[in-house]
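Visitor: I'm new here, and I'd like to know how you back up the words you use. Could you walk me through it?

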Amino acid sequence: MSDAIKHECGIALIRLRKDYQYYINKYNTPLYGLNKLYLMMEKQVNRGQDGAGVANIKIDVPPGHRYISRYRSVEQNAVPDIFRKIHKKFQKAIKGNKEKAKDAHWIQENVAFSGEVLLGHLRYGTHGQNEIENCHPMLRQSNWRSRNLVMAGNFNMTNVDELFDKLVSLGQHPKERVDTVTVMEKIGHFLDEENQRQFEYFKSEYHNPELSDIIEENIDLQRVLQRSCRDFDGGYAMCGLTGYGAAFVARDPAGIRPAFYYADDEVVVVASEKQAIKTSFNCNYDEIREVQPGHALIINKDGSYSEKQFIEPIERKSCSFERIYFSRASDPNIYAERKQLGRLVIPQVLQEVDYDLKNTVFSYIPNTAETAFLGMIEGLEDHLAKERKKAILEGIIFEKDLEDLLTFRPRVEKLISKDVKLRTFITNDADRNDMVAHVYDTTFEVIKKGVDNVVLIDDSIVRGTTLERSIVSLLDKLGPKRIVIVSSAPQIRYPDCYGIDMSRMKEFVAFRAAYELLVERNMDDVLEETLGRCLAAIELGTASEENFVKAIYKPFTTEEISAKIAELVKPKNLKAELAIVYQTVENLNKACPNDTGDWYFTGNYPTPGGNKVVNTAFVNFMKGVEIRAY
């Protein structure tokens, strides 16, 4: 993606279902679980490069021994940094105790991170500074083992203020007003209450320390989640580890954020992407299951597990950006869907180049658009096959015409390449604007100057910054007659508030285009009327009921907005003609039929909080306020 946006975060959880000694004996290492966790995290590092964290729980170690371990890092290569430190702990402990290296009992009493429950997290920050305190897993500590809670997740809540106020009403004094803290403290509060409920029930029958074990055996995590999550509004896949070794992965009722799991006799594992599980455990794809929306995968202290509903599911609206861009294309279903996205834009592309394939060169923006590019070329081949069949059936008189038709292939070149691996997606706005102009390089002497069209496909066009400041200018140096930039995703028109870092209206070139069209056509009244409706709804507390910002786009066709976007991103002194082609929403849903979350394209938010966010974002834009809308 040329205008890279921050991914959702990544989660990885492993529960070893057998005694720790079993893995040492079978795999000849005390690091089996850690090695698997490292692999799962590396296979999802695309989901978060701002930081990472690992937590570990040991089950039933004697009092006086540490049973929760955690490392977090914001180093440039955070995952290797964490595991390097963990390995040093093992090496240091075993040095001089080599005879103990295969003794599970000794290792668990003397070496950190040697527990049966492991949790990893990869972070892309959508809010706050890139500091280690903002990295998951988060830890809520207690001197009672069953009240300890470790949490990590891929989530954003739209109603943080309401959740904060709820905590205050419960008697808490939260230290921060952010969703990570409020979510953990709310679940932690009801975990405490569940502990107390079990204590009251069993206290007349048992005495400590036996009573503590009885409480742990009877804690109902489904009940904890039912009470904790009923007023959450957002997208989430949340992992929680308790101090006594039980764990859960809870998924939002619309299935916005992804969560997959696999289980066999040795492990139960959870990840944000199927591919990470497939690669790490060499299982079949059909053995990997999806945590259902509104359900939690609950793993008990004894290693048994079940999927239980904790909140009423609503219409499934899984994030379509997972399919377009975020998740790795090595997942066979995602690979096929991305190819289909490229194939489906062919009719629009052919129209833009006036069907002149002889003088058109096709290329893509590396690297994630490559799969859509392959699909686009397959679509061209399908088109040519139909043309050949039509010509033969209608009869061709001249042999040369037939030969040309049968031997013609689409012209494909790699025109754009990354000159340096600059992490433009995590720099601040001021630095980014200067940096994007130097990220890409181009290939010369493959375009017929003044004759050829250039068609370049990208995953998505968000801000248009990189097109304007780098890519279009680079292509223009090749001397094409016409440049056509193709987005395999539709126009991004609205903020996302469920995990992606897209919260301000002015960031969307599609919104800027609609705004400019309204001003040019003396339709400022649409802006003022929309502002008035948003302000009134916010004041009345009804802003979550309707997305009023849809009115901004209503007067225009998609093609009109695309044409205006081309004007906005067109560099000064551009010699070539410039056109922008976007995927249609209808074709997006055709290519990705099971993941229909398209609110950033359509404004159809899956939760009430989404409507409140978009209305607030529009008010902020109109008032010139540069803050997050949630």
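Guide: Let's begin with a cavity lining: the residues around the largest cavity divide into six nonpolar, two polar and no charged. A word on the ground rules: this is a predicted model, where local features need pLDDT of at least 70 and side-chain atom pairs count only at pLDDT 80 or more, while totals for chains, interfaces and linings use all residues. Residues are numbered from 1 along each chain as its sequence is written, and side-chain values use heavy atoms, with hydrogens and water left out.

Visitor: What makes a lining residue nonpolar, polar or charged?

Guide: Ala, Val, Leu, Ile, Met, Phe, Trp, Tyr, Cys and Pro count as nonpolar, Asp, Glu, Lys and Arg as charged, and the others, Gly among them, as polar. The lining is made of H136, M138, M151, A152, F155, T180, V183 and M184. H136 and T180 are on neither the nonpolar nor the charged list, so they go down as polar.

Visitor: What makes a space a cavity?

Guide: Rolling a probe the size of a water molecule over the atoms shows where empty space is left. On a 1 Å grid over the protein atoms alone, a cavity is a set of points where a 1.4 Å probe fits but cannot get out, and lining residues have an atom within 4 Å of a point. Grid points are joined across faces, edges and corners, and the volume is the space filled by probe spheres set on the points. The count comes to one cavity of 30 Å³ or more, and the largest cavity has a volume of about 40 Å³.

Visitor: Which helix and strand each supply at least two residues of that lining?

Guide: Those are β6 (149-157) and α6 (179-202). Helices (H or I, at least four residues) and strands (E, at least two) are DSSP runs, numbered from the N terminus.

Visitor: T182 is in α6 too. Is T182 buried or exposed?

Guide: Buried means under 20% relative accessible area, exposed over 50%, and partly exposed in between (1.4 Å probe, protein chains only). T182 has 0% relative accessibility, so T182 is buried. T182 touches V160, L163, F164, L167 and E176, leaving aside residues up to four places away in sequence; contact means heavy atoms within 4.5 Å.

Visitor: How do you know how many disulfides there are?

Guide: A disulfide is a pair of cysteine sulfur atoms within 2.5 Å, and the count here is zero. Take C229: the closest cysteine sulfur is in C239, 13 Å away, so that is too far for a bond. For C283 the closest one is also in C239, at 17 Å, so again too far for a bond. Both cysteines count as buried: C229 has a relative accessible area of 0%, and C283 has 3%.

Visitor: Why are Y20, Y23 and I24 said to be on the same side of α1?

Guide: These three are the buried residues in α1 (residues 20-27). They cover an arc of only 100° around the axis, which puts them on the same side of α1. That arc is the one of the directions from the helix axis to the C-beta atoms. The buried residues of α1 pack against β1 (10-16), α2 (32-42), α3 (78-94) and α4 (104-110). Just after α1, N28 takes a positive phi of about 60°.

Visitor: Where else is phi positive in a residue that isn't a glycine?

Guide: D354 has a positive phi of about 55°, and D354 sits in the loop between α12 (346-352) and β14 (360-364). At 63% relative accessibility, D354 is over the cut-off, so D354 is called exposed. N573 has phi near 70°, in the loop between α19 (558-569) and β20 (577-582). N573 reaches 74%, so N573 is exposed as well.

Visitor: What kind of peptide bond joins H136 and P137?

Guide: A cis one, with omega about 0°. P137 lies in the loop between β4 (117-123) and β5 (138-140). The bond from N208 to P209 is cis too, with omega near 0°, and P209 lies in the loop between α6 and α7 (210-218).

Visitor: Why is Y630 called buried?

Guide: Y630 comes in at 16% relative accessibility, so Y630 counts as buried. Y630 lies in the segment after α22 (608-623). Among the residues that Y630 touches are N156, M157, T158 and D496. The C-alpha atoms of Y630 and E162 are separated by 11 Å, with the two residues 468 apart along the chain.

How values were computed
1 Å grid on protein atoms, 1.4 Å probe; cavity = no way out; pocket = protein on both sides within 12 Å on 5 of 7 lines; lining within 4 Å.
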